[in-house]
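Reader: I would like to go through this one with you and ask how each label was earned. Shall we take a look together?

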Amino acid sequence: MQSWYSIFPRNPWLSIYAWVIFCLLPFFFIFRSSSPIEIAVGISLLFLFFLSYRFSFKSKSGLVYMWISFEMVINIAMTLLFGYVYLSLFTAFFIGNIRNPVGFFIMYGLHIAFTILAIVVGFFLEINLFLPHVHFILITVIGVVLLPFNLYNRNKREKLEDQLEDAKEKISELIILEERQRIARDLHDTLGQKLSMIGLKSDLAARLVTRDPAAAKKELQEIRQTASIALKEVRELVADMRTVKLEDELIRIRQILKAAEMDCTIEGDPVFTKIPTIAENVLSMCLKEAVTNVVKHSFGTACHITFAQLPNEYVITVEDNGIGITRGGETSPGSGLKGMRERLEFINGSLHVEGGEGTKLYIRVPAVLKQIVEVD
């Protein structure tokens, strides 16, 4: 959960509506009482309930169960004194977000028992308080029973999905590391011998250039031939690298955003001309990670992706209309942005993050990389 007032994470306006309704509705029940003392008690209980509810979200230790217990006691008091049972839905909502299985089931069972017991006792004490809205009370009891389980299972599923994403990210990093090691071995095996040969022949040609120009010329020709063979093998090695095309990655990204029920708009051409293989690989991985972060953390409804090929660099912009990000993502949980920066730094690229109303990521890779691969 993002904040204590967020009942519907993907719909903040619906959360505000729910808070307004459930904050104003108790006063209707409270002011039905004729006694000023009862009214004062009702308002005090209501204030204490929302204070406890606020503190329960701030608590990170066992104190959270104390605040939930306070909420249950206040629910019982509000039910018996004023016939108002609907605060129990707030408590049920919070219980559903408890991650500890033991704590969840204990508080879940106690809340159901106390809520039903308070309603039954209230019917016996003063049936007129409950009879006019008995159908809403039944819906509330159903909500108290089903809502925590639904939220608990959803949070458990999201936790498993996060773990799966982390596992995928680690696997990707291991694959990259293995690929780097393979390339290093291949380059060593391919170039090591030939560069040593070029060095030896260069020394020999330097000694022969004055006393035997013909032999020196022959050595220089062999040096050129060896250098050409080495260059050819390097090109074959680079061409043999696994390529992840941006246009192919974009297909999978559209599928991810569609599954998340987010609108996707694309601007620019994802097919960059003369882009090095390694640069396109890194851009594809960073683009996938950026969109994954949008789906997981933005709580937005739309994602806009822009591709731009400038004279000196390749730029991809990923923008969402979600809750935004603070301090350039430095305080964000997880290692997604850190991993993107590390990948981009490997090829002299950069990542810039802007927060505010939504988040905007600028992924940049210098075009000068292509000169490293294409040099003759």
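Author: Gladly! Keep in mind that this is a predicted model. A good place to start is Trp-67, which has a relative accessibility of 18%.

Reader: What makes Trp-67 count as buried?

Author: Buried means under 20% relative accessible area. Trp-67 is at 18%, so Trp-67 counts as buried.

Reader: And why is Phe-55 called partly exposed?

Author: The label partly exposed covers what lies between under 20% and over 50%. Phe-55 has a relative accessible area of 36%, so Phe-55 is partly exposed.

Reader: Why is the pair of Phe-55 and Trp-67 called tilted?

Author: Two values matter here, because a pair of aromatic rings is described by the distance of the centres and the angle of the planes. Centres must lie within 6.5 Å, planes under 30 degrees apart count as stacked and over 60 as edge-to-face, and the rest are tilted. The centres of Phe-55 and Trp-67 are 5.0 Å apart and their planes stand at 45°, so the pair is tilted. This pair links distant parts of the chain, with Phe-55 in helix H2 (residues 36–58) and Trp-67 in helix H3 (residues 63–82), 12 residues apart.

Reader: What makes the pair of Phe-104 and Tyr-152 stacked?

Author: Planes under 30 degrees apart count as stacked. For Phe-104 and Tyr-152 the angle between the planes is 10°, with 4.2 Å centre to centre, and the pair is stacked. Here too distant parts of the chain are linked: Phe-104 belongs to helix H5 (residues 101–125) and Tyr-152 to helix H6 (residues 134–211), 48 residues apart. Both Phe-104 and Tyr-152 are buried.

Reader: How many aromatic pairs does the structure hold?

Author: There are 18 aromatic pairs in the structure. One aromatic cluster is formed by Phe-49, Phe-50, Tyr-53, Phe-90 and Phe-94.

Reader: Now the cysteines. How do you know that Cys-303 is in no disulfide?

Author: A disulfide needs two cysteine sulfur atoms within 2.5 Å. The cysteine sulfur nearest to Cys-303 is that of Cys-264, 6.0 Å away, and Cys-303 is in no disulfide. A search of the whole structure finds zero disulfides.

Reader: Is Cys-303 buried or exposed?

Author: The cut-off for buried is under 20%. Cys-303 has 1% relative accessibility, so Cys-303 counts as buried. Cys-286 is at 0%, so Cys-286 counts as buried too.

Reader: Last one: which way do strands E1 and E2 run?

Author: Strand E1 (residues 263–267) and strand E2 (residues 302–309) run parallel, joined by five bridges. From E1 the chain crosses through helix H9 (residues 277–298) to E2, in a β-α-β crossover that is left-handed.

Key. Residues numbered from 1 in each chain as written. Predicted model: local features only at pLDDT ≥ 70, side-chain atom pairs only at ≥ 80, totals over all residues. Heavy atoms only, no water. Pairing = 2+ DSSP bridges. Helix = DSSP H or I, 4+ residues; strand = E, 2+ residues; numbered from the N terminus. Right-handed = clockwise from strand over helix to strand, strands pointing away. Phe/Tyr/Trp six-rings, centres within 6.5 Å; stacked < 30°, edge-to-face > 60°. Buried < 20%, exposed > 50% of the residue type's maximum accessible area, 1.4 Å probe, protein only.
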